[in-house]
Amino acid sequence: MSARDRETAVALARLAAALDGAVLGLGTGALAVATWMKYLVTSGQLRRIAAAPAAAIPDLRYLLAEHGGDQPVLAAVRGQVRPVPLGTYIRPPGSRELCVVAQHTQMCLFNEWRGIFGWTFDLHALFFKSLKEQIITSFRWVPFVLVDPENMTGMARVKLDGATQPLPLTNVYHKLIPVESTPYTLFQTIIGNGYPIALLDEEKILPVGKEITAIGYCQPHKASVEISSCPDLPFFLSELTKDEMEAELSSRARTLFWATVVLGTMSIGLLGFATYRRWQKIKERREARQAQEVFRQSTDDVTDQASDDEEEGGEIGDGQLCVICLRKRRRAAFIPCGHLVCCCKCAMIVERQFEPLCPMCRQDIRYMIRIYDN
Ligand SMILES: [Zn+2]
Ligand SMILES: [Zn+2]
């Protein structure tokens with residue numbers, strides 16, 4: 001791990017552990033809430049797809065008429081892709097198949113980060129790597145319809161505009177063009193930056209004759225029916241059947257549900273622990289304050305004897321002199337380290353500092369107690 005990574009990791013760990021893990025607890029809680037929201041969205045989508053009728057293409061018009069005619073109806077239809085009657089199609093470069101949608105992608109692939117010492121793990125790369133990929137895409141499509149796969153009668157026009165869902169495209173062309181290395185790439189390798197190793201050239205199409213399911217809003221369009229995407233659903237055109245879509249969504253919902261349970265439990269545990277630690281600290285502080293009070297009273301009691309101490313100054317052995325003033329007898333022990341190195345007055349001066357530390361071992365001082373010889 002490089003020094004830069006170590007700093008990042010340490011900063012993340014410190015942030016997570018801040019306030020006895022309360023920050024981590026709140027973060028986990030926020031994640032649990034976000035997962036729960038996703039679960040609600042997914043189960044809502046599942047309910048809508050389950051409720052949408054699956055209709056054969058020739059029956060679509062009756063279905064619309066049943067629902068009052070002009071209102072769009074959410075329905076699922078399965079059919080074969082065809083260009084519109086008398087319409088055109090696309091012949092993609094690099095393939096003999098005819099299609100109605102062609103998507104060309106060029107992606108720049110970067111090598112994994114690997115400095116001269118062979119490090120393969122880079123936290124920064126995890127965060128910033130995605131920025132390095134460049135994608136150039138051309139997207140072409142012609143109007144197309146779905147026809148009933150059984151008897152080839154009836155058709156549903158597909159309205160692709162505004163659809164954000166992924167399309168069931170087939171990969172027909174796929175080429176990796178290596179990028180030649182130059183002295184500059186060598187330099188980049190040494191300083192540990194990613195450098196382009198290849199250009200990925202891809203052509204994906206929606207071929208004529210492919211059987212797909214369309215789930216979306218159906219409404220009458222001229223002599224036929226038009227189906228358009230429902231923005232709330234994760235599917236529009238898909239290779240999956242309606243049952244498979246439901247199965248996929250219900251397994252996704254199940255995963256999200258259990259993730260929420262696990263994250264929620266973790267968050268409650270972490271926050272509970274943080275609260276407990278906080279409460280303990282408050283208790284400790286209160287105890288320390290009480291001990292301080294007792295110490296102060298006891299020193300008040302002995303101020304009268306203080307002169308005795310000074311008088312006996314001559315008789316005190318070196319090992320018993322206060323390490324600060326070097327005049328009085330050691331009387332105050334620091335808790336928790338237990339060092340008896342200061343007289344009461346000096347101990348009080350030490351204790352009043354912003355961060356009281358034992359002058360002997362530099363440990364934190366929580367409170368002091370007065371020691372009596374007899
Ligand atoms: Zn002293
Ligand atoms: Zn000490």
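Colleague: What makes residues 114-121 a stretch to treat with care?

Modeller: Over residues 114-121 pLDDT stays under 50, on a scale from 0 to 100 that gives the predictor's confidence in each residue. For this stretch the model has seven contacts beyond four places in sequence, a contact being two residues whose C-beta atoms, placed from the backbone, lie within 7 Å. Where pLDDT is low, the predicted coordinates should not be read in detail.

This is a predicted model, in which local features need pLDDT of at least 70 and side-chain atom pairs count only at pLDDT 80 or more, while totals for chains, interfaces and linings use all residues. Residues are numbered from 1 along each chain as its sequence is written, and chains are lettered from A and ligands numbered from 1 in the order in which they are written.

Colleague: Why is Pro220 called partly exposed?

Modeller: Pro220 has 15 other C-beta atoms within 10 Å, whereas a buried residue needs 20 or more and an exposed one has 12 or fewer, with C-beta atoms placed from the backbone; the value lies in between, and therefore Pro220 is partly exposed. Leaving aside neighbours within four places in sequence, Pro220 is in contact with Leu64 and Val225.

Colleague: How do you know that strand 11 and strand 13 pair?

Modeller: Strands are DSSP runs (E, at least two residues), numbered from the N terminus, and two of them pair if DSSP finds at least two bridges between them. Strand 11 (residues 332-335) and strand 13 have four bridges, in the antiparallel sense, so the condition for pairing is met.
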